[in-house]
Amino acid sequence: MIDGKKNYNVIFMLAKSFFKRAKSNFKFSLIAMSIGVWGLIVVNSIINGFGSVLVDSITRFYPHIVVSGYYDQDLSEISHLIHFTVNNVAIINKNQLFFSELIETNDISFYKDFIEINSDTSGLLIGNKLSENIGVNIDDELLLISIDQFLPITKKFQVSGIFKSGIQIYDSNLILHENSEANPKSFNYTGIFLDNPKKAKKIKDRYLNNYSALTWEESNKTLVKAIQADSIFAYIITFFIILISGFSVSNAVSFSIFTRKKTIGILSALGLNKKEISCIFVIESFLISLIGFVIGVIFGIATSIFLLYLKIPLPQDLFYIDYLPIKILPSTFIIPLVTNSFVSILFSFLSSQKASKINIIEALRDE
């Protein structure tokens with residue numbers, strides 16, 4: 001019997017030899033593995049795309065932290081700070097009544113990048129979907145009715161701009177108005193925009209313990225949970241696809257053992273123990289899964305790029321975006337690699353235990 005590193009080299013060489021001679025036995029397993037990885041990469045790319053687009057849209061438009069009351073601390077992590085008040089208003093236009101939310105702020109400059117059409121920013125900035133719904137264009141006048149201490153307040157405003165945030169609930173419901181002359185302390189809320197939105201909770205916990213504050217994640221819990229749930233469901237579905245390929249690997253290994261009884265008997269007679277013989281079949285299956293992973297990655301990336309350039313249109317009222325989003329991240333490859341390797345090794349190991357039950361004398365005599 002060969003000891004130490006040489007023994008492992010022999011096992012690996014035998015596994016490679018078995019693999020080359022029995023490619024046809026693993027053909028369907030290879031196809032199943034490739035399809036599983038292919039599907040997982042495409043699904044992950046789409047989910048990552050949805051998550052990235054929606055989160056980017058929210059964090060570009062919505063304050064990363066909203067503080068109740070006045071806040072003016074100068075932190076290095078803060079990129080922009082606004083003071084604002086939110087009022088529910090009724091809109092009267094062409095003898096029709098609509099309901100919306102008016103955001104009055106001391107500084108409208110942050111939202112200038114979202115304005116699609118404008119004459120200036122002295123009047124109202126309304127969402128593009130709201131503009132379509134109520135039939136309002138630039139320079140039109142709107143009559144807004146709000147409630148102040150149980151008394152209705154009526155004001156006329158001119159529409160001076162139309163903005164697009166990319167989020168349906170904002171574009172169809174919000175009206176922005178700048179009131180730069182008002183005292184910042186007179187506004188109900190302070191909106192904090194950070195250089196890195198992902199640090200919102202960390203900043204809140206560190207600096208805002210004495211304030212009533214909400215991060216963008218806390219204000220959009222439903223959306224964040226929906227993205228997480230979609231990811232989990234996609235992983236579960238694809239895992240079962242790869243699980244099916246695991247059974248295919250198991251059958252292929254079992255068949256390989258059945259047709260190699262004499263070879264197994266000879267290896268045992270030469271001094272290889274049951275664990276080492278089992279390891280040969282596990283390595284053989286791992287090589288199959290590795291090749292399947294590479295093929296699946298190639299097809300997955302190609303499909304994702306194709307979908308990216310194809311620009312499949314989506315219902316905007318449902319998804320808030322124009323086209324099917326695609327984004328490939330490092331996790332897109334890590335998860336399929338880990339899942340694929342785990343399933344193939346597990347099933348091949350379980351099946352390879354049959355080799356340890358083969359009687360050496362009977363195997364050599366029968367053959």
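Trainee: Which element gives the most to the lining of the second largest pocket?

Mentor: This is a predicted model, in which local features need pLDDT of at least 70 and side-chain atom pairs count only at pLDDT 80 or more, while totals for chains, interfaces and linings use all residues. A pocket is an open set of points on a 1 Å grid over the protein atoms alone, where a 1.4 Å probe fits, with protein on both sides within 12 Å along at least five of seven lines; lining residues have an atom within 4 Å of a point. The elements that give two or more residues to this lining are α2, α6 (216–219) and α7 (221–258). With seven residues, the one that gives the most is α2.

Trainee: What is the volume of the second largest pocket?

Mentor: The lining holds 19 residues, and G51, S52, V55, K198 and W216 are those nearest the centre. A volume is the space filled by probe spheres set on the grid points, which are joined across faces, edges and corners. For the second largest pocket, the volume is about 520 Å³.

Trainee: How many helices and strands does the chain have?

Mentor: Residues are numbered from 1 along each chain as its sequence is written, and side-chain values use heavy atoms, with hydrogens and water left out. Helices (H or I, at least four residues) and strands (E, at least two) are DSSP runs, numbered from the N terminus. Counted in this way, the chain has 12 helices and 10 strands.

Trainee: What percentage of the residues in the chain is buried?

Mentor: Buried means under 20% relative accessible area, exposed over 50%, and partly exposed in between, with a 1.4 Å probe and protein chains only. The chain exposes about 20,200 Å² (Shrake-Rupley method), of which carbon and sulfur atoms supply 59%. Among the 367 residues of the chain, the buried part is 44%.

Trainee: Of the contacts with a separation of 6 or more, what share joins residues 24 or more positions apart?

Mentor: A contact requires heavy atoms within 4.5 Å. One pair remote in sequence is A32 and F247, 215 residues apart along the chain, with C-alpha atoms 9.9 Å apart in space; A32 belongs to helix α2. Of the contacts with a separation of 6 or more, the share from residues 24 or more positions apart is 78%.

Trainee: Why is strand β8 described as largely enclosed by the rest of the structure?

Mentor: Strand β8 spans residues 174–178. It pairs with β3 (residues 96–105) in the parallel sense over five bridges, and with β5 (residues 124–127) in the antiparallel sense over three bridges; strands pair if DSSP finds at least two bridges between them. Strand β8 is largely enclosed because the number of its five residues that are buried is four.

Trainee: Which residue of β3 stands opposite V86?

Mentor: V86 is part of the pairing of β2 (residues 78–93) with β3, which is antiparallel and has 10 bridges. The two strands form a hairpin with two residues between them, and K94 in the turn has a positive phi of about 55°. The residue that stands opposite V86 also has L176 of β8 as a bridge partner, and it is I103.

Trainee: Which residue of β9 stands opposite H83?

Mentor: Strand β2 also pairs with strand β9 (residues 189–194), antiparallel over six bridges. Within β9, the residue opposite H83 is T190.

Trainee: How far apart in sequence are the parts that the pair of F61 and Y170 ties together?

Mentor: Rings of Phe, Tyr and Trp (its six-membered ring) pair if their centres lie within 6.5 Å; planes under 30 degrees apart count as stacked, over 60 as edge-to-face and the rest as tilted. By this rule there are 11 aromatic pairs, including the stacked pair of F61 and Y170, at 5.4 Å centre to centre and 25° between the planes. F61 is buried at 4% relative accessible area, and Y170 is buried at 9%. Because F61 lies in helix α2 (residues 27–61) and Y170 in helix α4 (residues 168–171), the parts tied together are apart in sequence by 109 residues.

Trainee: Is the pair of Y111 and F114 stacked or tilted?

Mentor: Y111 is buried at 6% relative accessible area, as is F114 at 8%. Both belong to a cluster linked by ring pairs, together with F61, Y62, F110, F163, Y170 and F193. Their ring centres are 6.3 Å apart and their planes stand at 45°, so the pair is tilted.

Terms used
Areas by Shrake-Rupley, 256 points an atom, 1.4 Å probe, with all protein chains shown as cover.
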